[in-house]
Amino acid sequence: MTRIGQVIMLHHAGDREEARHRFGALWGEIGDGGDPLHRCTLAHFMADAQDDPVEELAWDLRALSAAEELTEGRPAAHDGRLAVRALYPSLHLNLAADYVGLRHFAAARSHLKRARGALGALPEDGYGNGVRAAVDRLEAGLEESAAEDHRGPLGPPRREP
């Protein structure tokens, strides 16, 4: 977790490419069968370092899958069950944002609903309030994006393909 945290700091400092490279190296060490708390944390932040929206979605899905392994009773090297439960709002929020970006509005709504339902696990602090506000913003933006997608940028409703 310490090494993951160091790469997160590198990413937050603005070096996305190097962070992506180092996250990838760590993922190679942890692997698909590694500790689910490590995989969840790493994938959650690796998603944020992606430039390709499809890759971002893939990493966010890996993070959610690893979190679900923890809650299904698979033991982890660290007791991260409480920490992971508090990550669910952010995990689902990120997936909703991914799906909005890919214009998959039904999937985005589903994950926003799940994010909203998990907000109770968040503390009443800056982080929790920030995630709550982000859910509200994305929800408002989703409806606007879906309406624009339905109307088209300049006019009447478009037919779905």
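# A walk through a seven-helix chain

Let us start at helix H1, where the face turned away from the buried side carries the exposed residues Thr2 and Met9. The structure you are looking at is a predicted model, and H1 is a friendly place to begin reading it. On its other side, the buried residues of H1 are Ile4, Val7, Ile8 and His11. These residues cover an arc of only 105° around the axis, which puts them on the same side of H1. A general feature of helices helps here: an α-helix has 3.6 residues a turn, so residues three or four places apart point the same way. What covers the buried residues of H1? The cover includes H2 and H3. Just after H1 ends, Gly14 takes a positive phi of about 110°.

Now step back and look at the whole chain. Seven helices and zero strands make up its list of elements, and reading along the sequence gives the pattern α-α-α-α-α-α-α. The chain has 161 residues, and 42% of them count as buried. Among the contacts with a separation of 6 or more, 56% are accounted for by residues 24 or more positions apart.

Next comes the interior. The largest nonpolar core holds 41 residues, of which Phe23, Leu91, Leu93, Leu112 and Val135 touch the most other members. Helices H1 (2–12), H2, H3 (36–48), H4, H5 (81–101), H6 (105–118) and H7 each give two or more residues to this core. Which helix gives the largest share? That is H5, with nine residues. To see how one member of the core is placed, pick out Leu112. Leaving aside neighbours within four places in sequence, Leu112 is in contact with Leu93, Ala96, Val135, Leu138, Glu139 and Leu142.

The aromatic residues are worth a visit too. A pair of aromatic rings is described by the distance of the centres and the angle of the planes. In this model the count comes to one aromatic pair. The rings of Trp27 and Trp59 have centres 5.0 Å apart and planes at 90°, so this pair is edge-to-face. Because Trp27 lies in helix H2 (residues 16–30) and Trp59 in helix H4 (residues 53–71), the pair ties together parts that are 32 residues apart in sequence. Are these two residues buried or exposed? Trp27 counts as buried at 13% relative accessibility, and Trp59 counts as buried at 9%. Trp59 has another partner as well: the charged end of Arg62 sits over the ring of Trp59, 4.2 Å from its centre.

Our last stop is Arg132, in helix H7 (residues 126–151). With a relative accessible area of 18%, Arg132 is buried, because buried means under 20%. Not counting residues up to four places away in sequence, Arg132 touches Leu119, Leu122, Pro123 and Glu124. The side chain of Arg132 also makes a polar contact, at 3.3 Å, with the side chain of Asn129. Finally, compare sequence with space: Arg132 and Pro89 are 43 residues apart in sequence, while their C-alpha atoms are 8.4 Å apart.

Technical notes. Residues numbered from 1 in each chain as written. Predicted model: local features only at pLDDT ≥ 70, side-chain atom pairs only at ≥ 80, totals over all residues. Heavy atoms only, no water. Helix = DSSP H or I, 4+ residues; strand = E, 2+ residues; numbered from the N terminus. Buried < 20%, exposed > 50% of the residue type's maximum accessible area, 1.4 Å probe, protein only. Contact = heavy atoms within 4.5 Å. Polar contact = N/O pair within 3.5 Å; in protein donor to acceptor, adjacent residues only side chain to side chain. Phe/Tyr/Trp six-rings, centres within 6.5 Å; stacked < 30°, edge-to-face > 60°. Lys NZ or Arg CZ within 6 Å of the ring centre and 35° of its normal. Core = buried A, V, L, I, M, F, W, Y, C linked by side-chain atoms within 4.5 Å. Arc of directions from axis to C-beta.
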